[in-house]
Each structure stands twice: as C-alpha cells, then as structure tokens.
Amino acid sequence: MSAMRNSSRQLTGRVAMVTGGAGGICSMLAKGLASAGACVWLADMDAALGKKAESELRQMGAEANFRKVDVSDGAAVENLVDEICKSSGRIDILLNGAGTAARKSVFELTLAEWNRVLAVNLTGTFLCSQAAARRMVGAGYGRIISVTAINATSRPSPRNSPYAVSKAGINVFTQSLAAELLKLKVDVTINAISPATVDTPFYRKDRSMEQIQKTLASGSVAQPDDLLGLLLFLASPESAAISGQIIGHKNYMFSETVVNPERPDFPPP
Ligand SMILES: NC(=O)c1ccc[n+]([C@@H]2O[C@H](COP(=O)([O-])OP(=O)(O)OC[C@H]3O[C@@H](n4cnc5c(N)ncnc54)[C@H](O)[C@@H]3O)[C@@H](O)[C@H]2O)c1
C-alpha cells in the first residue's frame, strides 16, 4: 500500500487519534500516520473493521489501538481522549474523519436522518476537537485536521443536503476554533482537508457500477492515498504557521459549480 511510500519518520513519538479510522479514507491515512512514526488510536463505530485496521497497523510494527466509539457521544469521546492521554501520555494529532450521509431529497428526509448526519459529522467534530484541544492547549502543542468535503462550498448537493450543511459547518468551526487558539499563543493548529470525490465504500454506496466506472475513467475521483502528503504536512510541526485553512484536493476542479436540472445526469454522480 502506498501509504508507506510517501512518509518519512517525521511523527516519531507523536500520538494520533483518528476518527472513522476503521474504513475508507481514514484507515489509509491512519496507516500513513503510523508509517511516519505516530502511535495511532482508531475510533470508529464499526468494531469488525476497526479490529482489522488495528491488526494491520500492528503488523506494520506500529503502536495502534482500536476503540468502538460513537463520535456523537460526548461522554464516550471524553473517555477515549482521557484513556489516550493516560495510556500514551499525550495527544498530539486529531484526525476527524468519521462521517455519514443521508442521500435523499429534502422532501423525503426525516428529522431523525437530518439530525443523525449533523450529529456524526458536525457535532462529532466539535466533541472530538474540544476534548483534544483542551489537552493540546495544556501541553502547548497539537494538530487538529478535519476531513470536510467540496460539497460544503462550490458544488451544489442535490439529495445530500444534511451532508453538505454538516461539512459547511466543519469549515466554519475550523476557522472559529483556529481563531480562538490563535489568541492563546500556543502551537495548536486546526485545519481541514477538503476532497471532492474519493474512491471508497462511502463513495460507492448507492452508486451504480456504471456511474463509478464513468467517474474513475474521467480522473475526477481521487484515491485515499492522494491526501496523505497534505495530511502528514498538516500533522507535523512544520505546519505551525498554518491554521484555520480549508485546503481542497485538486480534483475539486472537476466538480460542477452550476447544476442544470434538465441534464440527463442530474444530479451529478
Ligand atoms: N469518499 C468521498 O468521496 C469523500 C469525499 C469528501 C469527503 N469525504 C469524507 O471523508 C471521510 C471518510 O469518508 P470515507 O469515504 O472514507 O467513508 P467510509 O464510510 O468508508 O468511512 C467513514 C467511517 O466513519 C465511521 N463512522 C460513521 N459514523 C460514525 C460515528 N458516529 N462514530 C464513529 N465512527 C463513525 C464509519 O464506520 C466508517 O468507518 C468522511 O468524513 C467523508 O465525509 C469523503
């Protein structure tokens, strides 16, 4: 796996918590953090995938632990961050990657579906960032990186509105927390990585094979690995001057900025 290819040992001795780290983009990014030397704590709802990801990290020789945690549960998040700090002595890096969506029209969505997407994506990012930032500020050092999405800004999101709203919220939260941290004059930064489409189970869910093949052939779909270099930089001490930034993957340029409902492929795949 090329997560190993890109990294040096620049994170040796650092401790990272990765939410959504059992699958998709963040299991790959967790491997990248581990191969850069970090001790990795995976937090995810999916215990089967989480244990598998933990054992893959350990097979790489990394120090790794999985805990089943719902990021929208404040007490569970606080317990995990507490355990990390007691067991590993610190938390240096938080990668907020846990995410979900409800791909339905506004007219079909239930309140429960709307609330769940916001609870996992936005409130989960808030809860994990708050718990981690408290420790990071105390220690004088930390890096928080959230995975947002291009849907939050330049691409309209028909049949995906709670997701887009949650990601827009993450962007604003990133800037707000960064501004608060700046005032404290500690080396704690908060940034977000904003990919367009990435080839994962999350992306493939609810899409036909024909749609998937079409987008893969167009080059508009990034591989999880493509985000690793940026993550490693934002997770490293070298990125101290950067905070409050939402950094897009270059494939955002494939995104539709104007959607014509008359087009046969509306909504965009
Ligand atoms: N795949 C894409 O095209 C794409 C594009 C832009 C942004 N993203 C974002 O990247 C992140 C990872 O997405 P992915 O494509 O790898 O998806 P994925 O579904 O493969 O992974 C998401 C992970 O989050 C976990 N999760 C869901 N709810 C949770 C909860 N309440 N608590 C803890 N963990 C929970 C899932 O179990 C899963 O392991 C998400 O935040 C997603 O919004 C994905």
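**Exercises on a predicted model**

**Exercise 1. The surroundings of Asp199**

In which loop is the place of Asp199, and what is Asp199 in contact with beyond its neighbours within four places in sequence?

Solution.
- Step 1. Asp199 has its place in the loop between S7 and H6. The structure considered here and in the later exercises is a predicted model.
- Step 2. Once the neighbours within four places in sequence are set aside, the contacts of Asp199 are Leu216, Val221 and Gln223.
- Step 3. Within 10 Å of Asp199 there are 18 other C-beta atoms, so Asp199 is classed as partly exposed. The class follows because buried requires 20 or more such atoms and exposed 12 or fewer.
- Step 4. Asp225 stands 26 residues from Asp199 along the chain, and their C-alpha atoms are separated by 10.0 Å.

**Exercise 2. Helix H5 and the residue after it**

Determine how the span of H5 relates to the expected value, and establish which elements its buried residues pack against.

Solution.
- Step 1. H5 covers residues 161–184, a total of 24 residues. From first C-alpha to last, H5 reaches 35 Å, close to the 34 Å expected at 1.5 Å a residue.
- Step 2. The buried residues of H5 include Lys167, Ile170, Phe173, Thr174, Leu177 and Leu181. An α-helix has 3.6 residues a turn, so residues three or four places apart point the same way.
- Step 3. The packing partners of the buried residues of H5 are helix H4 (111–139) and the strands S5 (141–147), S6 (187–194) and S9 (246–248).
- Step 4. Lys185 comes just after H5, in the loop between H5 and S6. Its phi is near 55 degrees, a positive value in a residue other than glycine.
- Step 5. Lys185 is exposed, because 8 other C-beta atoms lie within 10 Å and the limit for this class is 12 or fewer.

**Exercise 3. The contact of H3 with H4**

Describe the geometry of the crossing of H3 and H4, and name the residues that meet there.

Solution.
- Step 1. The axis of H3 (residues 74–88) and that of H4 come within 9 Å, crossing at roughly 30 degrees.
- Step 2. The crossing of H3 and H4 is right-handed.
- Step 3. H3 contributes Gly74, Val77, Glu78, Val81 and Cys85, which meet Leu127, Cys128, Ala131, Ala132 and Arg135 of H4.
- Step 4. By class, the residues of this contact comprise 7 nonpolar, 1 polar and 2 charged.

**Exercise 4. The shell around the ligand**

How many residues surround the ligand, and which are the closest?

Solution.
- Step 1. The ligand is surrounded by 30 residues, the closest being Gly20, Gly23, Gly24, Gly99 and Phe202.
- Step 2. At least two residues of the shell come from each of helix H1 (24–35), H4, strand S7 (197–198) and helix H6 (201–204).
- Step 3. The shell divides into 16 nonpolar, 11 polar and 3 charged residues.

**Exercise 5. Arg159 and Gly229**

Classify Arg159 and Gly229 as buried, partly exposed or exposed.

Solution.
- Step 1. Arg159 is placed in the loop between S5 and H5, whereas Gly229 lies in helix H8 (residues 228–234).
- Step 2. Arg159 has 16 other C-beta atoms within 10 Å and is therefore partly exposed.
- Step 3. Gly229 has 12 C-beta neighbours inside 10 Å and therefore counts as exposed.
- Step 4. Between the C-alpha atoms of Arg159 and Leu232, 73 residues apart along the chain, the separation is 33 Å. Gly229 and Cys128 are 101 residues apart in sequence, with 23 Å between their C-alpha atoms.

Technical notes: Residues are numbered from 1 along each chain as its sequence is written. This is a predicted model: local features need pLDDT of at least 70, side-chain atom pairs count only at pLDDT 80 or more; totals for chains, interfaces and linings use all residues. The expected span of a helix is 1.5 Å times one less than its number of residues. Two residues are in contact if their C-beta atoms, placed from the backbone, lie within 7 Å. A residue is near a molecule or strand if its C-beta atom, placed from the backbone, lies within 6 Å of it. Ala, Val, Leu, Ile, Met, Phe, Trp, Tyr, Cys and Pro count as nonpolar, Asp, Glu, Lys and Arg as charged, and the others, Gly among them, as polar. Axes are lines fitted to C-alpha atoms, for helices over the stretch in contact, and angles run from 0 to 180 degrees between N-to-C directions. A crossing is left-handed if the near helix is turned anticlockwise from the far one by less than a right angle, and right-handed if clockwise.
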